[in-house]
Structure formats: C-alpha cells, structure tokens
Protein chains: 2
Amino acid sequence: MNTLAEENYLKAIFALMDENGEVMVNELSQRLAIKMPTVSSMMKKLANKNLVTYESYKPIRLTEKGRVEAALIIRKHRLTEMYLVEKMGFGWEEVHHIAEQIEHIQSPELFAKMDELLGFPALDPHGSPIPDSSGKMIPREYQKLSHCKTGEKVKITAVVNTSHEFLTFLNGKQIHLGLEMIIHSLEPFDGSMTISYKENKETISSVVTDRILVEQL
Amino acid sequence: MNTLAEENYLKAIFALMDENGEVMVNELSQRLAIKMPTVSSMMKKLANKNLVTYESYKPIRLTEKGRVEAALIIRKHRLTEMYLVEKMGFGWEEVHHIAEQIEHIQSPELFAKMDELLGFPALDPHGSPIPDSSGKMIPREYQKLSHCKTGEKVKITAVVNTSHEFLTFLNGKQIHLGLEMIIHSLEPFDGSMTISYKENKETISSVVTDRILVEQL
DNA sequence: TAAATTTGTTAGACACAACTAACAATTTTA
DNA sequence: TAAAATTGTTAGTTGTGTCTAACAAATTTA
C-alpha cells in the first residue's frame, strides 16, 4: 500500500508523462510545489518500490506497476467527478477539489458502486477517459483547439484543465463539452482565436485554446 | 485546521465522554490502539489548541470548541453512512469503514449536498442522531436492551456498535432498527436474554444486548 | 497503612515527508 | 570551448506522530 504522498507523486508523474513523454525532477518539483531535494529522495523511494525507474540525472519513468497504480488513482478521481456531477448535481467546475480528496479513499466497493450507478461511463465530466479496473485507458486522440486553422468546424470533446477558475470562465461564455463551433480567425501574433457558436461570437486567448480539445467535423 | 490524527483523537474523546462522562489517558489509548505516552503528548497539543482541558493525572475533557469540532466530524461520518445506505444501496454493515475515511474530507459543499439529497435526516442508519451544522445533537435517551426486564415489549431504536461483524450477526438473526420484540426471559448468571419477534425466538448474549438500544412500548 | 497494581509521564529513538544550504553535474550560450 | 545558467544531489534540520524503556504518581487491595 502506498502513502498519500506517494500517490500524489505517482499521479503527477503519470500526468507529466502523458503531456511530455519524459519527466524531469525539476518539472515534478514545480508541478507538486515540492522542492527538488524532496522529489529526488522520493524518487529513490519509489524506485525501491519498483514504481518508477530512476537514475541520478536521468529522466523519471513509471514502471508498468507504477503506471497501473497511477491509473487506478486517476480512475477513482474521474469516477468521483462523474458521480458528483451526474448523481449529486454539482457543476463540472466544482468537482475537482472534492475528487482530489476522495481519490485516496481505500474502498474498492465504493468505486465499483459509483461505476455501476453511473452505468460504467467511459468519460468523466471534462471529457477525459476513465481507466478501467485493470488500469487500461483509451488514449484521447483529439487535438488542441489552438492547433486548428481558420475556417475549420470543430466540436469540443474535452478540457485539459479542470480548475474552478478555468471552468467558471468557460461557463461564463457558455462553452461546454459537445459544443460545435466555427473558427473565424486566428491572430498570428498572440494565437488568440475568434470563434462562433450558437448566437455567440467570442475571441479567446491561446491560454484558453491550449486547454480545449476538439474533434474535426 | 486539524490534522487527521487530531480529528481521530477528538472523535474518540467525544465518544468516550458520551459513554462514560470522563476520559482517562488509558481509555483513549486502548480505544485508539495508540500507546499512552503518545496519547499523553497529543493531549498537551490539543490542550494548547484549546480543544481539550488537560492536566497531568487528571481526566481529559473536551472544551466547547473541541466538542463542536468533534460533533462536526461525527456529522460528516453519519451523513455519509446515511447517504451510502439510502442513495447508493449499501447495507448498514458495510458503511462504517467507508464513512471512517470520508468523514475527513474537507468540503462543506459535499456534506451540505448529501444532507439536502437525504432530506435533512435526523438519524443515521444505525439510529444515532446526526449533529446539525452548528454541532448540536439531540441526545438519545434510549436504554440498553440489557437493562430491560422479563415481559417487557420493546422496539429497537439504535445500535451502539457499527462494526461489520456485529451488524452481519444481527442481519443473520433478522434483527434491524424498528423491530418490536418481547423479552421472554433473562438469565441472571450471564445476562443472556431470550427474545421473540415475528416468527423468531432467539437467545442472545449480553455482549449483544449491551449494544442494542430500545424504547419501551 | 504498606505493598502491589494500575495509570501516567519523561526521555530518547525512529520513520516520514517536508525544508535549506552547499556543492556537483549537465546543458545552454557567448 | 569556456563561462554561465540550469538542473540535480548530498548533508543536515524540522515537525508530526508514532514507539520503547524507565521512572513516578495514584489507586486498589491485603
């Protein structure tokens, strides 16, 4: 069994591997807001438990065991988010903070029950895939809105960031999963994008378009 | 904010005060399965935080502040148990272990939502009162089944112990909250009691009758 | 009431997970 | 390629919450 701290490291390494492929001590340190020496020594501990491969000055990688354990924590997180939204009536912007805590609950029964009551969902409220109980996860193969070109018609399939602030911003612009939009123009200077959807026409910055995943229509 | 360890001490002191009025270091040590020196030093810490009153060799008591904080943790525990039984379909014997973890979640919104979805319940699935959001709790004034006399007709209003083993035992004998029963005989030697209810007639030990609370009919 | 038992405290150690300060390796850039 | 910047490690400290061993106070009982 892993400690709370270990679980948080595993999750962060998993997320960073997903984003960048390789994970440096420095990145992990910044992501977790934990100083490098602490991360360094934790890596030795996780390597000892055969959850990561790690040699001094080399990148960190999850082992297969570590990958599965990380995926199972993410499974609990995403099932919880889905449960909170679908069964308890929370908004998608409210659930991250709660799921961040409930993901550490030790009770296979609780999460099996959520899964069952939800009808075994494939995606969480932010469009991210929920790993199955063996830790397998269908990879998202959607592209960032920021990589789309003028004139394209796209549909929002997921959001990359689940913070309260970001999702409240999207709520304010009535942007949600499944929304279809047309890309009107793209400002080369700063990457800001003008989009139209329903009766709206909005210009959004690249900070936003980087965090929205879409599929082509 | 209190740590996980501190919350568990507060809860245990609250429960022991409820049962015995006063709490000794020794009792707390046994209840929590933590050695006396550790309890002793934690009492100094809690006294410093103004959560308990404590002087060496004297009994421990919760301050008003400590009492409220303990009650709010118990509120979260009991709301969770009720939610798990009523909304998720768990048996009353399955929920203690899960609630024991969820009671430490920091999210007033989550528990407010449970409360609302449950229709502001007064009692948990074991018949124990749920403290309100200011920490107030209606005292149970029921008596132990073990204190009842032959010939009395009583109704089960609560169980004192919520362990999986005890409740599974009761399930096996089809004993549940609200059940009405007649006390046929009481064995003076060991306190075992013969009761009848519905089509059943059972003899149960004082270990069991001590853990069942009833009201007279 | 003196001895025995129970209860509680003090002192010191340990594991965990964080930190800072100092130094070392690696990578970038001038 | 040498200097500068970045990244990472080592060594030592801290706070939390646990422990054991030894001693001290309080209570029970003979």
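This short presentation describes a predicted model of two protein chains and two DNA strands.

Good morning, colleagues. Some conventions come before the structure. Residues are numbered from 1 along each chain as its sequence is written, with chains lettered from A and ligands numbered from 1 in the order of writing. As the model is predicted, local features need pLDDT of at least 70 and side-chain atom pairs count only at pLDDT 80 or more, while totals for chains, interfaces and linings use all residues; side-chain values use heavy atoms, leaving out hydrogens and water.

Let me begin with chain A. Chain A contains eight helices and eight strands; these are DSSP runs numbered from the N terminus, with helices being H or I of at least four residues and strands E of at least two. Its domain assignment, where bounds come from an automatic or database source, gives domain 1 (4-62), domain 2 (74-139) and domain 3 (143-216). Taken over C-alpha atoms, the centres of domain 1 and domain 3 of chain A are 32 Å apart. The C-alpha trace of chain A spans about 55 × 45 × 25 Å along its principal axes. The radius of gyration of chain A is 19 Å, which agrees with the value near 17 Å for a compact globule of 217 residues. That radius is taken over C-alpha atoms, and the globule rule is 2.2 Å times the number of residues to the power 0.38.

How are the two protein chains related? A turn of 180° and a shift of 0.0 Å along the axis lay chain A on chain B with an RMSD of 0.1 Å, which is the relation of a two-fold axis. The superposition is by least squares on the C-alpha atoms of residues with pLDDT of at least 70 in both copies. In chain A, the C-alpha nearest the axis belongs to A:Ile102, at 3.7 Å. Both copies use the same surface, since 100% of the contact residues of chain A recur in chain B, contact meaning heavy atoms within 4.5 Å.

I turn now to DNA strand D. Which residues come nearest to this strand? Of the 22 residues around strand D, they are A:Asn26, A:Ser40, A:Tyr54, B:Thr3 and B:Lys45; a residue is near a strand if one of its heavy atoms lies within 4 Å of it. Sugar or phosphate supplies 76% of the atoms of strand D within 4 Å of the protein, and bases supply the rest. Among the polar contacts (pairs of N or O atoms within 3.5 Å), a polar backbone atom of A:Asn26 is 2.5 Å from a phosphate oxygen of strand D. A polar backbone atom of B:Lys35 is 3.0 Å from a phosphate oxygen of strand D. H3(B) gives the most to the surface near strand D, with five residues. That surface divides into 13 nonpolar, six polar and three charged residues. Here Ala, Val, Leu, Ile, Met, Phe, Trp, Tyr, Cys and Pro count as nonpolar, Asp, Glu, Lys and Arg as charged, and the others, Gly among them, as polar.

Finally, DNA strand C. Of the 21 residues around strand C, the nearest are A:Thr3, A:Lys45, B:Asn26, B:Ser40 and B:Tyr54. A polar side-chain atom of A:Thr3 lies 2.6 Å from a phosphate oxygen of strand C, and an N or O atom in the side chain of A:Thr38 is 3.2 Å from a phosphate oxygen of strand C. The surface near strand C has 13 nonpolar, five polar and three charged residues.

Notes:
A polar contact is a pair of N or O atoms within 3.5 Å; within protein, one must be able to donate a hydrogen and the other to accept it, and residues adjacent in sequence count only if both atoms are side-chain atoms.
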